[in-house]
Amino acid sequence: MMQLTNGKNVSFRLLDRNDRQRLYDYLNQLSAESKSRFGPHDFDSKTTIEICDNLCGDTIYFIAEDSDNNIIAYMLLKKGTLDADRSRYDEYNIYFDENLTATYAPSVADEWQNTGVGTAMFQHILLYLKNCGYKNLVLWGGVQTLNQRAIHFYSKHHFKQAGSFWYQGKDNLDMFLDL
Ligand SMILES: CC(C)(COP(=O)(O)OP(=O)(O)OC[C@H]1O[C@@H](n2cnc3c(N)ncnc32)[C@H](O)[C@@H]1OP(=O)(O)O)[C@@H](O)C(=O)NCCC(=O)NCCS
């Protein structure tokens, strides 16, 4: 349990099998804007059931909870890089060791954004990455250029810009972190 600057307490843990409904509820209370910016997987119940039934694969699911045990943030770490991301990094002539690289997708509930919970949870995830010997962290599908809060968040945590690309009518940036 830790206290944010707004005085509220949050705790971090890994998602578990019993979180299906709570994860579904979390994802589906995100605003349309947050949903449009966070796209590692679909938000339907089939997907959330599949996630909670397959927690031992190559993706690790972290959650943050408030003092009433509501999920208030959800962040994914995938071992290695996604094919689509890797092919763009190849074009930038940036190469990662797949065994020492993870791919990252963060989300925070709208009413908790800008409270520092994203930063606190990222510090928690950084500790995990360093303890596991990872050397690089790559954004999952980059970040939309219009998403200035997220770009500020990543820059503040020392991510570097690798290049830009166009996807589904939007301009995006690839960013990565040397750990
Ligand atoms: C991006 C996200 C994970 C960051 O988490 P968070 O808890 O809001 O982040 P924090 O509160 O720790 O930090 C937010 C920072 O952005 C800054 N910020 C807020 N709005 C901003 C804006 N419009 N432009 C630039 N910076 C902004 C805040 O001042 C703060 O920076 P500071 O600590 O230097 O003052 C979260 O906002 C989120 O889930 N957004 C919606 C989904 C999303 O965009 N996911 C990322 C997809 S790539």
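**Strand 4, the nonpolar core and the ligand shell**

Tutor: Strand 3 and strand 4 form a hairpin with 5 residues between them, and Asn69 in the turn has a positive phi of about 65°. Strands here are DSSP runs (E, at least two residues) and helices likewise (H or I, at least four), numbered from the N terminus. This is a predicted model, in which local features need pLDDT of at least 70, side-chain atom pairs count only at pLDDT 80 or more, and totals for chains, interfaces and linings use all residues. Residues are numbered from 1 along each chain as its sequence is written.

Student: How do you know that strand 3 and strand 4 pair?

Tutor: Two strands pair if DSSP finds at least two bridges between them. Strand 3 and strand 4 have 7 bridges, in the antiparallel sense, so the definition is satisfied. Ala64 stands opposite Ala73 in strand 4.

Student: In what sense do strand 4 and strand 5 pair?

Tutor: Strand 4 and strand 5 pair in the antiparallel sense, over 7 bridges. In strand 5, Val108 is the bridge partner of Ala73.

Student: Why is strand 4 called largely enclosed by the rest of the structure?

Tutor: A residue is buried if 20 or more other C-beta atoms lie within 10 Å of its own, exposed if 12 or fewer, and partly exposed in between, with C-beta atoms placed from the backbone. In strand 4, 7 of the 9 residues are buried, so the strand is largely enclosed. Of the 179 residues of the protein chain, 28% count as buried.

Student: What makes a set of residues a nonpolar core, and which members touch the most others in the largest one?

Tutor: A nonpolar core is a set of buried Ala, Val, Leu, Ile, Met, Phe, Trp, Tyr and Cys residues joined through C-beta atoms within 7 Å. The largest has 35 residues, of which Ala73 and Phe176 touch the most other members. Strand 4 gives the largest share of this core, 6 residues.

Student: Why is the protein chain called as compact as a globular protein of its length?

Tutor: The globule rule is 2.2 Å times the number of residues to the power 0.38, and the radius of gyration is taken over C-alpha atoms. For 179 residues the rule gives 16 Å, and the radius of gyration is 16 Å, so the chain is as compact as a globular protein of that length.

Student: Which residues come nearest to the ligand?

Tutor: Of the 22 residues around the ligand (C-beta atom, placed from the backbone, within 6 Å), Arg37, Gly118, Thr119, Gln148 and His152 come nearest. Helix 6 gives the largest share of this shell, 6 residues.
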